[in-house]
Amino acid sequence: MRSGRRSGRLHPLHLAGWLFADVLLVLALIAMGDQGDPAAARQAEAGASQSPGEAGPKPSPSPSGPRAVERKPVKVSVEADSSDRERIVEQLRKVTAKHEGSQAAIVLTFGHNQDAGSGVAYARRINSLLDEARPKMFRGATTRDFVLLRGVGGRADLEIYFYTY
């Protein structure tokens, strides 16, 4: 005697969605793996353009291909009261000075505080002053505000991901 339910078997149509998702994932991985490393290509190009006996600095090649984002962030910290705009801007300029001429793609800012809302608000304050500190470096950068549940406030850690060129 058969009951109204199927006996533990999956209908093939139920598997079609999973199969589609798996195929899409494989195609995405293949597409990502096909992308070259622009930083490595730039270094190889610069090395090839200079003969071994040549002295002096290597000329910088003109960028070609799509821009990419560095995988390793530059990590910096600032400490100042959230109301002290000048000190925050001064510290942002100081900690980013050696990266002048680079353009930031993504900035993750972690405000230290035991209170999550206050930590996020401090991170937001820091991110609001990035353009004032270095307009060319941070114009158009994507910023995100986070909290580290430690400390008493007035400190932020920034992770800056720069474009490769």
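Visitor: What makes up the accessible surface of the chain, and how much of it belongs to carbon and sulfur atoms?

Guide: In this predicted model, the accessible surface of the chain comes to about 11800 Å², and 55% of that area belongs to carbon and sulfur atoms. Of the 165 residues of the chain, 27% count as buried.

Visitor: Why is aspartate 157 called buried, and arginine 155 partly exposed?

Guide: Buried means under 20% relative accessible area, and aspartate 157, with a relative accessible area of 16%, is therefore buried. Arginine 155 has 28% relative accessibility, which lies between the 20% and 50% limits, so arginine 155 counts as partly exposed.

Visitor: How do you know that aspartate 157 and arginine 155 form a salt bridge?

Guide: The closest N and O atoms of the pair are 3.3 Å apart, and because a salt bridge requires a side-chain nitrogen of Lys or Arg within 4 Å of a carboxyl oxygen of Asp or Glu, the pair qualifies. Both residues also belong, with Glu79, to a network of salt bridges.

Visitor: Why is glutamate 159 said to have no salt bridge?

Guide: The nearest side chain of opposite charge, lysine 75, is 4.2 Å away from the buried glutamate 159, and the salt bridge cut-off is 4 Å, so this pair is not counted. Glutamate 159 lies in strand S4, residues 155-162, and among the residues it touches are Lys75, Ile106 and Phe110.

Visitor: What makes strands S1 and S3 the edges of the sheet?

Guide: The four strands form an open sheet of mixed pairing in the order S1-S4-S2-S3. Strand S1 (74-79) and strand S3 (142-148) each have a single partner strand, so one side of each is left without a neighbour in the sheet. From one strand to the next, the twist averages 20°. Strand S3 pairs with S2 (residues 104-112) in the parallel sense over seven bridges, and isoleucine 106 stands opposite threonine 142 in S3.

Visitor: What makes the bond between arginine 124 and aspartate 145 a salt bridge, and which parts does the pair tie together?

Guide: Their closest N and O atoms are 3.5 Å apart, a value within 4 Å, so the pair meets the cut-off. Arginine 124 lies in helix H4 and aspartate 145 in strand S3, so the pair ties together parts that are 21 residues apart in sequence. Helix H4 (residues 116-128) lies across S1, S2, S3 and S4, running at about 150° to S3.

Key:
Residues are numbered from 1 along each chain as its sequence is written. This is a predicted model: local features need pLDDT of at least 70, side-chain atom pairs count only at pLDDT 80 or more; totals for chains, interfaces and linings use all residues. Side-chain values use heavy atoms; hydrogens and water are left out. Helices (H or I, at least four residues) and strands (E, at least two) are DSSP runs, numbered from the N terminus. Buried means under 20% relative accessible area, exposed over 50%, partly exposed in between (1.4 Å probe, protein chains only). Lys and Arg count as positive and Asp and Glu as negative; His and the chain ends are not counted. Contact means heavy atoms within 4.5 Å. Two strands pair if DSSP finds at least two bridges between them. Axes are lines fitted to C-alpha atoms, for helices over the stretch in contact, and angles run from 0 to 180 degrees between N-to-C directions. Accessible areas come from the Shrake-Rupley method with a 1.4 Å probe; for residues, only the protein chains shown count as cover. Lists of a residue's contacts leave out its neighbours within four places in sequence.
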